[in-house]
Amino acid sequence: MGEHMGVHEFLGRKTLIVGDVNSGKTLYSLQILKAFLESGMSDIAVLDFAPASVSGIGGKMVPPDSHGILYLTADITAPRLTGRDEHEILNLARRNAHTIERLLDTYIDHFKDILFINDITLYLHTGDIKKILKMIDQSSTTVINAYYGSTLSNMPLSAKERICVEHLMDCLDRVIRL
């Protein structure tokens with residue numbers, strides 16, 4: 001993270017980091033998380049919706065050990081990169097949303113005031129944006145990253161995903177474009 005940027009720029013704000021594939025969204029989010037931890041903050045949850053890397057795209061945001069933050073992730077599939085056809089892509093996206101719903105429920109049961117979400121777009125394909133907005137509203141600070149680009153724009157699910165990300169852009173305090 002650049003010297004000009006500090007934790008105070010994120011505290012008490014709802015921040016969305018957007019960019020195309022491999023633009024550094026996850027790495028940037030992880031740098032912000034590390035800055036929070038170095039500042040002594042500990043009431044933090046990381047919801048990691050990213051799939052494992054597929055052909056160099058995607059990847060988990062694994063926080064440093066020993067900080068006691070709530071880190072929730074699961075086996076998520078990259079539907080547009082692994083599905084063979086539109087039907088299979090939609091089924092994979094629905095399965096992801098179901099899996100992520102369980103993570104959201106766990107987070108709600110173990111609420112933390114500072115919320116990081118890696119790759120929210122995997123949930124937005126078929127998930128309920130209202131549930132996400134409610135969680136964001138309840139947290140004092142959120143840092144979320146989302147795919148918003150042209151690499152995957154002509155694929156199934158892309159139109160809904162784009163609409164949902166644009167809605168988040170309108171609802172959150174700050175948008176950082178990478």
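A residue counts as buried when its relative accessible area is under 20%. Threonine 15 has a relative accessibility of 0%, so it counts as buried. The model discussed here is predicted. Its chain holds six helices and six strands, and buried residues make up 52% of its 178 residues.

**Overall fold**

- Read from the N terminus, the elements follow the order β-α-β-β-α-α-β-α-α-β-α-β.
- The chain is as compact as a globular protein of its length, because its radius of gyration is 15 Å and the globule rule gives a close value of 16 Å for 178 residues.
- The C-alpha trace spans about 45 × 35 × 30 Å along its principal axes.
- Of the contacts with a separation of 6 or more, 79% are between residues 24 or more positions apart.
- The accessible surface of the chain is about 8,400 Å², and carbon and sulfur atoms account for 50% of that surface.

**Threonine 15 and its surroundings**

- Threonine 15 is part of strand β1.
- Beyond its neighbours within four places in sequence, threonine 15 is in contact with Phe10, Thr142, Val143, Ile144, Leu172, Arg174 and Ile176.
- One of these contacts, Arg174, is also a salt-bridge partner of glutamate 9.

**Helix α3**

- Helix α3 covers residues 86-109, and its 24 residues should span 34 Å at 1.5 Å a residue; the end C-alpha atoms lie 35 Å apart, so the two values agree.
- At the N-terminal end of α3, aspartate 85 acts as a cap, with a side-chain oxygen 3.2 Å from the backbone nitrogen of histidine 87.
- The buried residues of this helix are Glu88, Ile89, Leu92, Ala93, Asn96, Ala97, Thr99, Ile100, Leu103, Leu104 and Tyr107.
- Strands among the elements that cover these buried residues include β2 (44-48), β3 (70-73) and β4 (114-118).
- Helices that take part in the cover include α2 (79-82), α4 (121-124) and α5 (129-138).

**Salt bridges**

- Side chains of opposite charge can pair when their charged atoms come close.
- With a cut-off of 4 Å between a side-chain nitrogen of Lys or Arg and a carboxyl oxygen of Asp or Glu, the count is six salt bridges.
- Glutamate 9 and arginine 174 form one of them, with an N to O distance of 3.4 Å.
- This pair links distant parts of the chain: glutamate 9 sits in the segment before β1 (14-19), arginine 174 sits in strand β6 (residues 174-177), and 165 residues separate the two.
- Glutamate 9 and arginine 174 are both buried.
- Arginine 84 pairs with glutamate 88, and their closest N and O atoms are 3.4 Å apart.
- Within that pair, arginine 84 counts as exposed because its relative accessibility is 73%, whereas glutamate 88 is among the buried residues of α3.
- Arginine 162 and glutamate 166 form a salt bridge in which the closest N and O atoms are 3.7 Å apart.
- Both residues belong to helix α6 (residues 158-171), where arginine 162 and glutamate 166 are four residues apart, about one turn of the helix.
- Arginine 162 has 34% relative accessibility and therefore counts as partly exposed; glutamate 166, at 31%, also counts as partly exposed.
- Glu101, Asp105 and Lys131 are joined into one network by salt bridges that share partners.

Technical notes:
Residues are numbered from 1 along each chain as its sequence is written. This is a predicted model: local features need pLDDT of at least 70, side-chain atom pairs count only at pLDDT 80 or more; totals for chains, interfaces and linings use all residues. Side-chain values use heavy atoms; hydrogens and water are left out. The expected span of a helix is 1.5 Å times one less than its number of residues. Buried means under 20% relative accessible area, exposed over 50%, partly exposed in between (1.4 Å probe, protein chains only). Contact means heavy atoms within 4.5 Å. A polar contact is a pair of N or O atoms within 3.5 Å; within protein, one must be able to donate a hydrogen and the other to accept it, and residues adjacent in sequence count only if both atoms are side-chain atoms. The radius of gyration is taken over C-alpha atoms; the globule rule is 2.2 Å times the number of residues to the power 0.38. Accessible areas come from the Shrake-Rupley method with a 1.4 Å probe; for residues, only the protein chains shown count as cover.
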